[in-house]
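The following exercises concern a single protein model. Each sets a task and then works through the solution step by step.

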Amino acid sequence: MDLPIQHYKENGAEEQLQQSLAMRTEWEPCLAHHPPLQSFGCDAELAERGGGPPPPPPPSKRRFRSPTSRNKPNDSAMCATMDDRHGKMRETLMERQVQKAGGLLGVTSRGLLILALLLVFILILLVIIVVLAALWPRTRAQEAPKVCDTPACLRAAAQVIGSMENHTSPCTNFWNYACHNWLVSNPLPPWASKWSTREELAHRAHEEMRKLIETMPHPTRVDSLSWKLKYFYESCTALEHIVVPEQKLIRVIDQMGGWGVLRSFSVYSWNFRMVLRRLHAEYGVNAFFRVDVVAHPNFPDKSIVRISPDGLGLPDRNYYYREPDHAPDVPRRRLSQPGTINTYKVFLKDAVQLLGATSLEATKFAEEVFHFEKRIAELTPNTEDIINPVKSIQILNVADLQRQSFSIPWLEILRAIYPTTVFDDSTELLITSPDYLKDISSIVSSSDRSTLNNYLMWRLAHNYLPYLSREYWEVLDIHKRDTLGTNIGAYFLLKSAKESVDRWEMCIVTTQKYFRLAMGSIYSKNNVALKDTRNGVAIIYESLKNGLASSLSGSSLYSPSLRSRALEKLMTLSVQVGYPEQVLASSYLDDFYTAMSVQVNDFLGNILYGVHFLRKVEERVLLNPLPEHKWLAYLSRDTITYVPESNRIIIPEHLLLPPFYNVNYPQPILLGSLGVQLAVAMVASISQHGVLYDGHGVLIDRESTIGNDSLSLTANQRKCLVDALYQKKVDDEEFLKRTVFETLVQLAGVRQALKVVTNPSIEQRRTEYKALEFLTHTQLFFVAYAQSMCSHTTLKHRDMERSTTFRLGDEEMLRATMLQMPEFTEAFMCNSTSQLHHGKVCGRII
């Protein structure tokens, strides 16, 4: 309530009185003596805001003005003025509060506003995340990883870790990282020139077969298969009964007109045509050429006789052009062999001396035979030309072949080899090199009989030296040691007149040559886990096949016609694991070996029976071919092979054992070992030479464009890859060019297997392997791949491989693969300066 005017006067505050009256005059329209609040808009509004009458404004220094000195404002204007002032007062209070809060936080009012908005935004996101987390379905991937600690996983871990040397950087030397401990714990055996997982598995299979044959119940029927098998093997191992079998060989030589170096030869009575015919038909000797039976390239249900170059004593034609005491360089090391040519001449001399030649005659003979074989080597086509089916294979009838190579009695030879088959001038033959046979005919017609006699009789003796007495084995062993670099006997090692520690293995290999199906049968029947093994291989095969089909469908390298052909082949591609049950049936085997004869304690005689038997088998295939005849022989090899004539991948059963395979091993290990080899075979079926055959095994027409398309498919990649690997000093340029296609196929196989590893099922993705937690699945794959290639190889054996094969050495192939795999660089986090950091990637053919 306002103080009375008398109060101001009594206290002498005139000026204060004037100010109070002035303020009262301004607020008068809204004071209590006016109508109630609800009748005034401004007061009603103030009431709604919960205010009531506003407080008096602060004292003003404005002088008091009489109501009569100016027009009195209307009520609404005065209310608006009061409302504005009230709002400004509240804004001022808010600003002060904001400024106070900002001062406490050290920001401006604008910054405080931004912080408030961010806080609201974060709270909203937090609410959304909480809601989504509550509603999101739980999956198995969120669970703890599954740890594989089964016996198979633990064995696999021990195998992997036991072979590694993890103190070496994988980005510097992956071969040493993956293989060092294996190389230390698996030294090269004294009888071997190469030792790897494959050689180890083959050796173990031979040991198992030896045990099965030696423990076989004593057979009673002399015509039974078990009797033939057991006594053939025992005739080889029973050294005390191998008495001067060379006398039988000399009698055979005498029957064919004698041998000049043994002074039993008559130049006038010697019959070249008869000797050449008998060597091929009765003794299985490849003199000048080889005769065998293969699938017909144009008709999938027929077979045909093939004639191909052969007849050299050294491993390859290139050996004959070397300097006597030198050999070509191998990258990063020098071959220190004393001279393969000199070694071969010494072998020739020593062998004929044992047969009765004088030293002088033997030395002259060695020089003569070497130079004659060198003439043959000059005519022998390069292996690159022979393996190209379009270039090398030609179909000629006997009459045309006889006109081109008139010095060879073709009709006589063919009728002698396959006596129940009808041959005439119109019979078609598959000739792998007509020019070679034409040139051989010229050599025969221009050579004297003495030279021809020495060459042909040497081919016979060389073929049968392993089956003669101990001193002949020793001569052969010395030659093999000097050629391949073995330390001691490859066939024998006699100790105090006791049986050789490795004679049994030579006997197993020889027995397997003639009893391949029989030994496969007893080995398979002893393998109780074969069914599970086949099922496991089938799973890997199907995953690789699906991945390869997907890659091929999206490949831009293949032309439409070539892609269509490749996909068709891939869809009809099949895999054969071990011998099929119908082949191993007793009835099948008894019928198959009916023509095989065996004598007790007559090893050389049994070999001659075996040669006759194999010719009978070839003739049966020629007259009545069955589908399995195209691929049965590949089941006794030590590698996984693609057979284009049947569009089938062949996996020998003895390879499906640890350390190479176990059906329960971790998937990255299986794919790194078996998976890569399977994928390489599958890629070979649809690239370059493989794609030249259709799904039924029929070779394309020579005029077809598919042949040119398959060659041009990888032209750019081959050149790029050779340059890239040569810059990294993987090997010399010429050998890289020779092996580049095999390297491209290997790279494609590794990528296809890795594709399966990096796209696993959820179950596989969340699996960890006990003791291998320090390796990711991709790293484990690469380690398993490297360990499948760990090997010891003598320098001379590697020299032989470089001359006769089209594949980089194991260590060089591993390095070449890693240098073309960005996935390897990423898996092991190799920096750009590391030796195995991938360079220019140019090895993709799919």
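**Exercise 1.** In which loop does serine 687 lie? Determine also whether serine 687 is buried or exposed, and find the backbone oxygen that lies 2.8 Å from a polar atom of its side chain.

*Solution.* The model is a predicted one.
Step 1. Serine 687 belongs to the loop between α28 (667-685) and α29 (705-712).
Step 2. The relative accessible area of serine 687 is 2%. Buried means under 20%, so serine 687 is buried.
Step 3. The oxygen sought is the backbone oxygen of valine 683, which lies 2.8 Å from a polar atom of the serine 687 side chain.

**Exercise 2.** Threonine 705 lies in helix α29. Is threonine 705 buried or exposed, and how far apart in space are threonine 705 and serine 561, C-alpha to C-alpha?

*Solution.* Step 1. Threonine 705 has a relative accessible area of 52%. Exposed means over 50%, and therefore threonine 705 is exposed.
Step 2. In sequence, threonine 705 and serine 561 are 144 residues apart. Their C-alpha atoms are 9.5 Å apart in space.

**Exercise 3.** Identify the helix that holds glutamine 746, classify the residue as buried or exposed, and name the side chain joined to that of glutamine 746 by a polar contact.

*Solution.* Step 1. Glutamine 746 is found in helix α31, which covers residues 733-757.
Step 2. With a relative accessibility of 8%, glutamine 746 counts as buried.
Step 3. The side chain of tyrosine 785 is joined to that of glutamine 746 by a polar contact of 3.0 Å.

**Exercise 4.** Compare the span expected for helix α8 with the distance between its end C-alpha atoms, and list the buried residues of α8.

*Solution.* Step 1. Helix α8 runs over residues 197-214 and has 18 residues. The expected span is 1.5 Å times one less than the number of residues, which gives 26 Å for α8.
Step 2. The end C-alpha atoms of α8 are 26 Å apart, so the two values agree.
Step 3. The buried residues of α8 are Thr197, Arg198, Glu200, Leu201, Ala202, His203, Ala205, His206, Met209, Leu212 and Ile213.

**Exercise 5.** Describe how strand β6 pairs with β4 and with β5, and name the residues that stand opposite isoleucine 431.

*Solution.* Step 1. Strand β4 (residues 303-309) pairs with β6 (residues 428-431) in the parallel sense, over 2 bridges.
Step 2. Strand β5 (residues 394-397) pairs with β6 in the antiparallel sense, over 4 bridges.
Step 3. Isoleucine 431 of β6 stands opposite isoleucine 307 and is also the bridge partner of glutamine 394.

**Exercise 6.** How many cavities of 30 Å³ or more are counted, and which residues line the largest cavity?

*Solution.* Step 1. The count is 1 cavity of 30 Å³ or more. The largest cavity holds about 50 Å³ of space.
Step 2. Its lining consists of Lys248, Leu249, Val252, Tyr283, Leu460, Tyr464, Leu604 and Leu608. Two or more of these residues come from each of α10 (246-255), α19 (449-464) and α27 (603-623).
Step 3. Helix α10 gives the most, with 3 residues.
Step 4. By class, the lining has 7 nonpolar residues, no polar ones and 1 charged.

**Exercise 7.** Locate leucine 465 and state its separation from glutamate 246.

*Solution.* Step 1. Leucine 465 lies in the loop between α19 and α20 (470-484). Its relative accessible area is 1%, so leucine 465 is buried.
Step 2. Leucine 465 and glutamate 246 are 219 residues apart along the chain, and their C-alpha atoms are separated by 8.5 Å.

Note on methods. Residues numbered from 1 in each chain as written. Predicted model: local features only at pLDDT ≥ 70, side-chain atom pairs only at ≥ 80, totals over all residues. Heavy atoms only, no water. 1 Å grid on protein atoms, 1.4 Å probe; cavity = no way out; pocket = protein on both sides within 12 Å on 5 of 7 lines; lining within 4 Å. Points joined across faces, edges and corners; volume = space filled by probe spheres on them. Nonpolar A, V, L, I, M, F, W, Y, C, P; charged D, E, K, R; others polar. Pairing = 2+ DSSP bridges. Buried < 20%, exposed > 50% of the residue type's maximum accessible area, 1.4 Å probe, protein only. Polar contact = N/O pair within 3.5 Å; in protein donor to acceptor, adjacent residues only side chain to side chain.
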